[in-house]
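Me: Please take a close look at one part of this structure and describe its surroundings in a connected account. I should like every term to come with its cut-offs.

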Amino acid sequence: MSTLLRIGARLIGFHGMNATLSAVLLLVMGCSRDSSSPSSNSATASDPATGKPTRSGPTPQPTGATPPGMVWIPGGEFTMGDNSAHAHMVEKPAHRVRVDGFWMDQTEVTNAQFREFVLATGYVSTAESIPKLEDIMSQVPPGTPPPPPETLVAGSMVFSPPARSVPLHRFDLWWHWTPAADWRHPNGPGSSIDDIDDHPVVHVSWDDAVAYTKWAGKELPTEAQWEFAARGGLDEKRFVWGNEPLSETKPRLNIWQGSFPVANTETDGYSRTAPVKSFAPNGFGLYEMAGNVWEWCSDWYRPDTYHLRAGQNLVVNPTGPESSFDPREPYAPKRVLRGGSFLCNDSYCSAYRPSARRGNSIDTGMSHMGFRCVMTQSAWNARTKNR
Ligand SMILES: [Ca+2]
Ligand SMILES: [Ca+2]
């Protein structure tokens, strides 16, 4: 979702915007057929500690100290994406990918961790800053009228369930641009993060997430690293725990139960975010790789990323396309989000599957979006050496 949408349908009206974007879509789709260079989709495999080329297969866990709160993801080959009928077009075609080993946060970054970063740096998040008119207008089709000046206030997008059933394409009916909503006030004015230190931080833009990772000496995962890690060593399975279907009586993750977006039965115990480590970890010891909050990745988003890899038998350490393009919002630069959230359910997006992927405007946080970090062994070596 872009800054245009977060300022809301106030600009040109939801249906009017769709019509405008549809016209643009037809124009730009024609261009995208010529954009087939996969040059940035692969890189030479190298050992994270030495920089030397690696063999195929898992990378053994380095000896020595372990970064606090992180686990070693051994890397190796896997099938990225999903060709089955339940997968969306953006997850196809499935293809073979290899990633080298890396460290990954066991959990989503929490409110307590993000607070530590803000206290140390004085960082002001995107949602706490007044949006710039020029930034908004750069993300909308030419000719779009500017938003009224009074709408240019600090805030973020907050989920608020509608009173009655609504068409599932009308996300403007449950997402509301809310002044003064930010990571400290996840549900807007009057809300707080008191007593939820161990919940994932939300309302973080991609820029906010990157600022945190730099302070922490870490990085955002690539989309390939994230999916490899989420699968927990189970190749070509539908869920992070295998192929066993979801259970109402034995919930494995925090999603939406009931009729989305109106009635949440909360059989998993949570209507919004859950504390990290609320559910069993996957095969690599990672928590909430499915559900709870969406997690930012480093890659630019394109729906056709996997098509751009056609003809490559094995894609090694992919870092994504050179730029983003989403025909639904062609002017908004977007990065990848993974893992689904407490709002996902089978009838809507089922995005808690490890192959599911989505793009989001880099300057927009929402109440169901967070992140976790990765770190190379060489970065960890450098930190331990300097202590
Ligand atoms: Ca839930
Ligand atoms: Ca998650």
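Reply: A residue is called buried if 20 or more other C-beta atoms lie within 10 Å of its own, exposed if 12 or fewer do, and partly exposed in between, with C-beta atoms placed from the backbone. Helices (H or I, at least four residues) and strands (E, at least two) are DSSP runs, numbered from the N terminus. The model is predicted: local features need pLDDT of at least 70 and side-chain atom pairs count only at pLDDT 80 or more, whereas totals for chains, interfaces and linings use all residues. Residues are numbered from 1 along each chain as its sequence is written, and chains are lettered from A and ligands numbered from 1 in the order in which they are written.

The part chosen is helix α6, residues 223-231, in which 9 of 9 residues are buried. Its buried residues include the charged Glu-223, Glu-227 and Arg-231 as well as Trp-226, Phe-228 and Ala-229. An α-helix has 3.6 residues a turn, so residues three or four places apart point the same way. Just after α6, Gly-232 takes a positive phi of about 60 degrees.

The helix also belongs to a nonpolar core, that is, a set of buried Ala, Val, Leu, Ile, Met, Phe, Trp, Tyr and Cys residues joined through C-beta atoms within 7 Å. The largest such core has 63 residues, and Met-104 and Ala-229 touch the most other members. The greatest contribution to this core comes from α6, with 5 residues. Two residues are in contact if their C-beta atoms, placed from the backbone, lie within 7 Å. Beyond its neighbours within four places in sequence, Ala-229 contacts Ile-73, Met-104, Phe-284, Leu-286 and Met-289.

Two of these partners lead to a sheet. Strands pair if DSSP finds at least two bridges between them. An open sheet of 3 strands has the order β1-β4-β14, with antiparallel pairing. Its edges are β1 (70-73) and β14 (374-375), each with a single partner strand, so one side of each has no neighbour in the sheet. Strand β4 (residues 102-105) is joined to β14 by 2 antiparallel bridges, and Trp-103 stands opposite Met-375.

Another covered element is strand β9 (residues 294-300), where 7 of 7 residues are buried. From β9, Trp-294, Trp-296, Ser-298 and Trp-300 point one way, while Glu-295, Cys-297 and Asp-299 point the other. This strand runs parallel to β13 (residues 369-370), with 2 bridges between them, and Glu-295 has Gly-370 as its bridge partner there. With β11 (residues 334-338), β9 pairs in the antiparallel sense over 3 bridges, Trp-296 standing opposite Leu-337.

For the wider setting, the protein chain has 7 helices and 14 strands, and 43% of its 387 residues are buried. Of contacts between residues at least 6 apart in sequence, 75% join residues at least 24 apart. Confidence is given by pLDDT, the predictor's score for each residue, from 0 to 100. The chain averages 87, and 85% of the residues score at least 70. Over residues 8-45, however, pLDDT stays under 50, and the model has 56 contacts beyond four places in sequence for that segment.
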